[in-house]
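Student: Hi! I've got a new structure open and I'm not sure where to begin. Could you walk me through it?

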Amino acid sequence: MSGRLLRGDARRRFLAGGLRRRLPLRGLRRRLFSRGLRTRLVVVFLLVSALSALAAAALTFRQARSAILDRAQDSAVRDLRGQLASLAPDLPARPDRRELRSLVLQLDRSGGSRAWHTSASYRDGPLVPATGRPVPLPAGFRKAGATARTAVVQRFHRGDDPWLALALPVMTADEPSRRSGLVVYASFSLASEEQDVSSLVDAARTGALPVVLLSAVPALFAARSVLRPVRRLRSASEKMAAGALDTRIDVSGNDELADLGRTFNGMAATLQADADTRRAMEARARRFAADVSHELRTPLAAMTAVTGVLDEEAAAGRLEPETAEALGLVADETRRLTRMVDDLMEISRFDAGAAVLHRDEVDVGELVRKTLALRHWQDRVGTDVPEGLRASLDPRRIDVVLANLVGNALRHGGPSVPVHIRARGEGGRLVLTVTDGGPGIPPDVLPHVFDRFTKGDAARARSEGSGLGLAIAAENARLHDGTLTAAEAPGGGAQFTLDLPLHRTPESP
Amino acid sequence: MTRVLLIEDDPAVRHGVTLGLRRRGHETEAVSTGEDGLEALASFAPEIVLLDLMLPGMSGLEVCRRVREVSQVPIVILSARGDDMDVVVGLEAGADDYVVKPASGELIEARMRAVLRRVAPSQSATGAVEACTVAGDLRIDRQGLRVSKHGAELSLAPSELKLLLFLSASPGQTFSRQQLLEYVWEHSYYGDARLVDACVMRLRARIEDDQRKPRYIQTVRGFGYRFGPL
């Protein structure tokens with residue numbers, strides 16, 4: 001199940017990598033946006049303010065530009081018309097080339113600051129400029145001017161400069177709607193107007209840039225005010241995750257984040273109540289187990305004190321066989337019960353956190369030898385322990401662990417099973433392995449071997465053990481800041497590995 | 001045959017232990033309170049005291065202290081819990097050993113015997129040690145089992161005396177607590193090392209001039225204890 005999930009995950013990651021390679025932009029965006037909410041908020045704020053500044057500037061620019069140009073155009077048409085109105089009556093009805101030239105000369109002179117270049121034509125005749133040079137006009141403009149009944153204007157570019165061309169047909173004096181055939185053309189540079197417009201663009205730019213930059217300040221403030229509750233929520237969640245279930249958030253206001261904060265507080269309260277209930281129940285259960293085993297000890301103490309008497313009587317042959325058998329049974333089961341109660345008490349001490357480690361510097365080889373000798377196992381168990389290997393541990397507890405592991409191996413492997421203890425001190429760790437050549441641990445039992453009252457198989461159910469031996473062994477390993485693990489030995493059989501720090505770690509007592 | 005005084009409040013345990021001890025031929029006087037126990041100490045003159053720590057009225061600890069004020073009779077604590085702090089306090093108050101209930105008659109007897117054995121076993125085996133040694137201000141008489149300092153005889157509890165005799169028999173040699181448990185207390189290698197520590201503390205209180213700078217019973221950090229070198 002987890003393997004399949006992992007594969008799916010890996011595939012997704014692979015796909016994402018491929019996409020990122022193909023779409024560098026998306027990767028960039030993801031990097032930018034993964035910077036956190038604050039960056040995102042500020043960036044978005046800046047973008048919006050830049051966009052609005054840009055839009056305002058563009059609109060202003062467009063309006064101002066057309067206003068400037070229109071005004072220039074209108075005033076040029078008005079001026080030209082005014083000049084013509086005062087000069088045209090002096091012209092003869094059919095002006096010749098010389099008279100046209102003198103007209104345009106006067107017009108050029110009266111242009112003033114506008115410095116336009118004028119020319120005139122009569123009845124589609126050639127254009128007569130004031131000087132020898134022809135007046136610059138856009139292509140096709142003459143044709144438009146020749147047929148026009150009123151002023152025609154056109155903007156065009158001459159080189160890089162913007163220019164304006166005007167064509168003004170002159171009407172007959174007695175009949176204002178009839179064309180006299182005289183058309184005056186004028187063109188002039190719009191460079192000064194363009195300069196006004198470009199200075200406007202400069203003004204917009206120099207105004208907009210600081211505004212955009214300045215808008216970063218309110219953006220930061222806005223991000224801060226939005227993110228402060230988010231940050232508070234995050235640190236509160238972290239505290240909760242670390243186990244401080246009494247964590248609460250100060251909620252003020254009525255916005256969505258305040259709602260989220262209230263929801264969080266509600267969740268925390270529920271969690272805390274649940275955890276408290278569970279802890280109380282667990283504590284009660286543990287205390288009960290401890291109390292029960294403690295209460296059992298007093299009657300057991302009385303019974304145990306006389307088991308020897310029963311054994312003697314049963315063995316002496318003075319009693320009826322059935323009575324002797326019954327006495328033996330009572331004595332044996334009393335001892336068994338005593339062992340179970342002892343183990344229960346021991347487990348209760350671990351549960352209550354009352355188990356104390358009495359560390360001592362000991363020789364590991366001697367420790368293993370003594371454990372085996374104490375139980376007369378020295379001939380049945382092979383050992384491989386380097387000379388002079390010393391470790392800081394609680395010898396009584398490690399004896400319990402070793403005796404349990406070896407006892408299990410001897411019991412479950414059969415009478416002739418090879419059992420081997422190997423010890424090594426490597427990298428500051430003491431690694432003790434107990435391997436047997438027995439049938440091993442069934443795979444379905446393996447994850448539960450250290451559970452309380454787990455029995456390996458039906459044959460084990462009625463063994464000498466209380467069903468707590470391995471659980472106690474694991475607790476003892478944990479008390480040493482170590483681990484006890486079970487696995488299948490390389491050649492079949494079971495292998496238990498006890499891994500402890502060789503010396504006490506600074507923070508442990 | 002040993003004269004045993006049993007001080008135990010639970011009637012069933014008292015009865016059971018008495019039964020077990022009598023079967024093994026020990027003359028046993030059983031009382032249920034510390035006050036009765038102290039009285040019996042004078043009238044019954046036991047060779048060993050088995051003492052329950054959890055007593056109504058005068059506590060087992062108090063009994064232990066009172067007994068030590070007047071007598072160096074061996075005291076073995078009967079404890080309901082081996083990890084009890086009371087055990088340590090009891091040992092520091094002068095008890096020589098302890099047994100965790102429930103305990104079989106064999107175990108109780110084995111502990112009694114070990115405490116009662118007058119000389120540590122390994123020592124009688126070596127045999128080569130002089131009968132009387134003088135170390136600093138101490139005079140240790142192995143034959144008469146007497147220790148005196150500046151000529152004044154010290155009254156030592158059995159476990160204190162045994163520990164001193166054992167350590168001083170091999171001056172300068174370090175013994176681990178586990179070894180001392182085996183040789184002096186006749187426990188297994190995995191006995192309770194607090195026995196050794198409590199006894200060393202008591203012994204130092206009696207023989208050292210300055211307990212914080214011991215001359216005779218020195219601590220070898222990470223290994224154990226040794227006698228001297230002076």
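Student: Okay, how does helix 9 of chain A pass helix 10 of chain A, left-handed or right-handed?

Tutor: The crossing is left-handed. Keep in mind as we go that this is a predicted model.

Student: And what angle do helix 9 and helix 10 of chain A pack at, and how far apart are their axes?

Tutor: Helix 9 covers residues 307–316 and helix 10 covers residues 321–351; they pack at about 150°, with axes 9 Å apart. Angles over 145 degrees count as roughly antiparallel, and therefore helix 9 and helix 10 of chain A are described that way.

Student: Which residues meet there, between helix 9 and helix 10 of chain A?

Tutor: On the helix 9 side you'll find Thr307(A), Leu310(A), Asp311(A), Glu313(A) and Ala314(A). Among the helix 10 residues they meet are Ala324(A), Leu327(A), Val330(A) and Arg335(A). Sorted by class, this contact has six nonpolar, three polar and three charged residues.

Student: What about helix 8 and helix 10 of chain A, at what angle do they cross?

Tutor: Roughly 150°, and their axes come within 9 Å. That makes helix 8 of chain A roughly antiparallel to helix 10 of chain A. The crossing of helix 8 and helix 10 is left-handed.

Student: Which residues make that contact between helix 8 and helix 10?

Tutor: From helix 8 the list includes Arg286(A), Ala289(A), Leu296(A) and Met303(A). From helix 10 it includes Thr334(A), Leu337(A), Val341(A) and Asp351(A). The residues of this contact are nine nonpolar, five polar and three charged.

Student: Any right-handed crossing to look at?

Tutor: Yes, try helix 3 and helix 7 of chain A, whose crossing is right-handed. Helix 3 spans residues 37–87 and helix 7 spans residues 216–241, and they pack at about 145° with axes 9 Å apart.

Student: How do the residues in the contact of helix 3 with helix 7 of chain A divide by class?

Tutor: There are 13 nonpolar residues, no polar ones and one charged. Helix 3 brings Leu37(A), Arg38(A), Leu41(A), Val42(A), Phe45(A) and Leu46(A). Helix 7 brings residues including Ala216(A), Leu220(A), Val226(A) and Val230(A).

Student: Let's zoom out. How many helices and strands are in chain A?

Tutor: Chain A has 14 helices and twelve strands. It is 509 residues long, and 23% of them count as buried. Of its contacts with a separation of 6 or more, 63% are between residues 24 or more positions apart.

Student: And chain B, how many helices and strands?

Tutor: Chain B comes to nine helices and twelve strands. It has 230 residues, of which 45% count as buried. Among its contacts between residues at least 6 apart in sequence, 59% join residues at least 24 apart.

Student: How many residues of chain A are in contact with chain B?

Tutor: 25 residues of chain A are in contact with 27 residues of chain B. Helix 8 of chain A gives the most to chain A's side, with nine residues. The elements giving two or more residues there also include helix 9, helix 10 and strand 6 of chain A. Chain A's side divides into twelve nonpolar, six polar and seven charged residues.

Student: New topic! Which residue does the UniProt annotation "modified residue: 4-aspartylphosphate" cover?

Tutor: According to that record, an unreviewed entry, it covers Asp52(B). You'll find Asp52(B) in strand 3 of chain B, residues 48–52.

Student: Is Asp52(B) buried or exposed?

Tutor: It counts as buried, because 24 C-beta neighbours lie inside 10 Å of Asp52(B). A residue needs 20 or more to count as buried.

Student: What is Asp52(B) in contact with, leaving aside neighbours within four places in sequence?

Tutor: Asp52(B) is in contact with Ile7(B), Glu8(B), Asp9(B), Gly60(B) and Leu78(B). Have a look at Ser79(B) too: it is 27 residues away from Asp52(B) along the chain, yet their C-alpha atoms are separated by 6.1 Å.

Student: Last one: where does Leu145(B) lie?

Tutor: Leu145(B) lies in the loop between strand 7 and strand 8 of chain B. With 14 C-beta neighbours inside 10 Å, Leu145(B) counts as partly exposed. Its C-alpha is 9.9 Å from that of Leu156(B), eleven residues away in sequence.

Technical notes
Residues numbered from 1 in each chain as written. Chains lettered and ligands numbered in written order. Predicted model: local features only at pLDDT ≥ 70, side-chain atom pairs only at ≥ 80, totals over all residues. Axes fitted to C-alpha atoms, helices over the stretch in contact; angles between N-to-C directions. Helix = DSSP H or I, 4+ residues; strand = E, 2+ residues; numbered from the N terminus. Parallel < 35°, antiparallel > 145°, perpendicular 65-115°, else oblique. Left-handed = near helix turned anticlockwise from the far one by under 90°. Contact = placed C-beta atoms within 7 Å. Nonpolar A, V, L, I, M, F, W, Y, C, P; charged D, E, K, R; others polar. UniProt positions renumbered as here; feature names shortened; annotations may be inferred. Buried ≥ 20, exposed ≤ 12 C-beta atoms within 10 Å, placed from the backbone.
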